Amino acid sequence: MIKAVRGTRDLLPPDTDLWNRVEAQVRDVFARYNYHEIRTPIFEDTQLFSRGVGEETDIVTKEMFTWEDKARGQSEKAQSLTLRPENTAGVVRAYIEHGLDKKGTLQKLYCIGPMFRRERPQKGRYRQFYQIDAEIIGPPSAGSESPLRDAELLEMLATLLDEVELHDWQLQLNSVGCAEDRARYNQALREALQPVVHLMCADCQRRAETNPLRVLDCKVPEDQPIIEKLPKIGQYLDEPCRAHFAAVQSMLNAVGIAYTINERMVRGLDYYTRTTFEFTHGGLGAQSAVLGGGRYDGLSESLDGPKAPGIGFAIGEDRLILALQSQGEKPAEKVQAYIAPLGAGMNRHALKLARELRRAGISADIGDETFRLKKSFESAEKAGARFIVIVGENEVAAEQFAVKNLASGEQVQVPRADLAAHLQR
Ligand code: AMP
């Protein structure tokens with residue numbers, strides 16, 4: 001038997017009803033904050049990620065699905081392609097490629113779709129997973145650098161999580177400063193690591209050389225006491241970065257959004273500058289981050305684009321759904337009506353009635369005239385229907401149908417013209 005590949009999974013009903021409910025609510029929130037959808041390809045030139053996300057990140061060193069694509073015909077070149085492991089680099093590529101900076105306004109863009117990372121699969125961690133991404137990006141003249149953007153984005157996330165009814169989420173906040181701050185911080189880390197790095201894991205030994213900041217991403221339990229004692233980024237922020245971070249916090253305080261500062265949270269991608277954040281949820285176990293994001297003021301330039309500061313986030317949709325399910329969220333939307341044709345020749349009447357009801361906004365399933373009444377009731381219950389509507393010769397002739405509420409057992413006769421309204425109730 002051929003099975004789904006390790007780390008991938010099928011999403012089946014009724015879970016997909018919950019996925020769709022969440023996506024509809026999320027799109028509604030985005031619309032109210034004036035975000036518009038962008039759809040970028042799921043594979044890109046490998047360089048986009050190695051340069052955008054960073055050569056020394058876990059994603060680029062060990063998690064990308066990359067292949068050499070053969071040239072077909074002389075007009076094509078062989079090239080290295082990669083399934084997108086994240087979406088910000090792709091959105092910024094599109095921003096540059098389509099000259100969106102020339103519009104002179106802030107671009108508020110969102111995207112929902114699959115991402116791919118070759119991680120060790122476990123609950124809440126898959127090799128194909130789904131993200132809901134959003135970005136605010138634009139020229140500095142449009143206010144893209146303002147801490148107001150950070151606060152507005154975080155406020156939107158709080159609203160979004162409240163509206164999908166995720167309870168007890170927590171916001172963790174940090175600032176990783178600008179490139180110069182991080183250069184100084186990296187130097188301090190290098191010095192602090194020097195006497196202890198030989199006690200750490202092989203990855204940390206390499207990172208201590210190449211990109212010491214990434215040591216803070218280490219998950220190896222034995223390394224944690226060493227990491228806890230390392231210098232903290234907060235002490236290395238310059239005055240503008242410090243002021244920017246203070247302004248973000250004061251606006252969050254003004255709108256009443258609670259957060260904790262977590263100075264270890266530098267996030268696993270190199271493009272972040274200044275504000276970084278994660279929202280976590282207790283129902284997720286080890287993989288507790290429902291979403292993460294931050295500012296990326298230099299990313300566009302590093303991809304040969306114009307100066308285009310931005311901030312964005314990615315919600316792990318698989319984890320958001322798991323967190324909702326851990327709260328006892330039941331996805332099952334019941335079908336409103338099960339239409340049971342009674343006896344020979346009744347199928348077409350049932351189909352006609354179903355058509356009327358469905359066009360009136362009622363969800364309906366249809367049985368078959370070869371079913372007996374008892375079988376129809378069983379099928380209606382299996383389908384999870386709220387009502388069963390009997391379509392027999394007498395009913396059709398009288399334009400009046402027997403309708404039974406399957407939960408209460410109550411049965412009434414309802415005129416055809418009133419049927420949709422009755423079932424809606
Ligand atoms: P990142 O792009 O690494 O900042 O991740 C953003 C969010 O995507 C995380 O907070 C997770 O919720 C989710 N995520 C990242 N990697 C995975 C994965 N392998 N499986 C499921 N969700 C993931």
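The shell around the ligand is a mix by class: 6 nonpolar, 4 polar and 5 charged residues. The model is a predicted one, and in it 15 residues surround the ligand. The closest of these are Arg117, Glu119, Tyr126, Arg267 and Ala289. As for which elements they come from, strand S6 (128-137), strand S10 (289-295) and strand S11 (310-316) each put at least two residues into the shell. S10 gives the most, with 4 residues.

A few atom pairs show how the ligand sits against the protein. Glu119 brings a polar side-chain atom to 2.6 Å from a nitrogen atom of the ligand. With Tyr126 the backbone takes part instead: one of its polar backbone atoms is 2.8 Å from a ligand nitrogen. Val290 also uses its backbone, with a polar atom there lying 3.1 Å from an oxygen atom of the ligand. Taken on its own, the ligand has 480 Å² of accessible area, and the protein covers 92% of that.

Next comes helix H4, which spans residues 88-97 and is mostly covered. Of its 10 residues, 7 are buried. They are Thr88, Ala89, Gly90, Val91, Val92, Ala94 and Tyr95. What do these buried residues of H4 pack against? The list takes in both strands and helices: strand S2 (43-45), strand S5 (107-116) and S6 on the one hand, helix H2 (46-52) and helix H10 (299-302) on the other. S6, then, turns up twice, as a neighbor of the buried part of H4 and as a supplier of residues to the ligand shell. H4 is followed by Gly99, a residue with a positive phi, near 60°.

Further along the chain, strands S14, S15 and S16 pair up. S14 (residues 387-391) and S15 (residues 400-405) run antiparallel and are joined by 4 bridges. One pairing here is that of Ile390 with Ala402, its bridge partner in S15. S15 is also joined to S16 (residues 411-415), again in antiparallel fashion, by 5 bridges. Here Val403 has Val412 of S16 as its bridge partner. S15 thus pairs with S14 and with S16. Between S15 and S16 there are 5 residues, and the two strands form a hairpin. In the turn of that hairpin, Gly409 has a positive phi of about 85°.

Some backbone details stand out as well. Which form does the peptide bond from Pro13 to Pro14 take, cis or trans? This bond is cis, with omega near 5°. Pro14 belongs to the segment before helix H1 (15-32).

Positive phi values also occur in residues other than glycine. Arg274 is one such residue, with phi near 50°, and Glu399 is another, with phi near 55°. Where the two sit in the fold can be told quickly. Arg274 is part of strand S9 (residues 273-281), whereas Glu399 is found in the loop between helix H14 (393-398) and S15. Are these residues buried or partly exposed? Arg274 has a relative accessible area of 14%, which is under the 20% cut-off, so Arg274 counts as buried. For Glu399 the relative accessible area is 41%, a value between 20% and 50%, and therefore Glu399 counts as partly exposed.

Notes:
Residues numbered from 1 in each chain as written. Predicted model: local features only at pLDDT ≥ 70, side-chain atom pairs only at ≥ 80, totals over all residues. Heavy atoms only, no water. Near = heavy atom within 4 Å. Polar contact = N/O pair within 3.5 Å; in protein donor to acceptor, adjacent residues only side chain to side chain. Areas by Shrake-Rupley, 256 points an atom, 1.4 Å probe, with all protein chains shown as cover. Nonpolar A, V, L, I, M, F, W, Y, C, P; charged D, E, K, R; others polar. Buried < 20%, exposed > 50% of the residue type's maximum accessible area, 1.4 Å probe, protein only. Contact = heavy atoms within 4.5 Å. Pairing = 2+ DSSP bridges.
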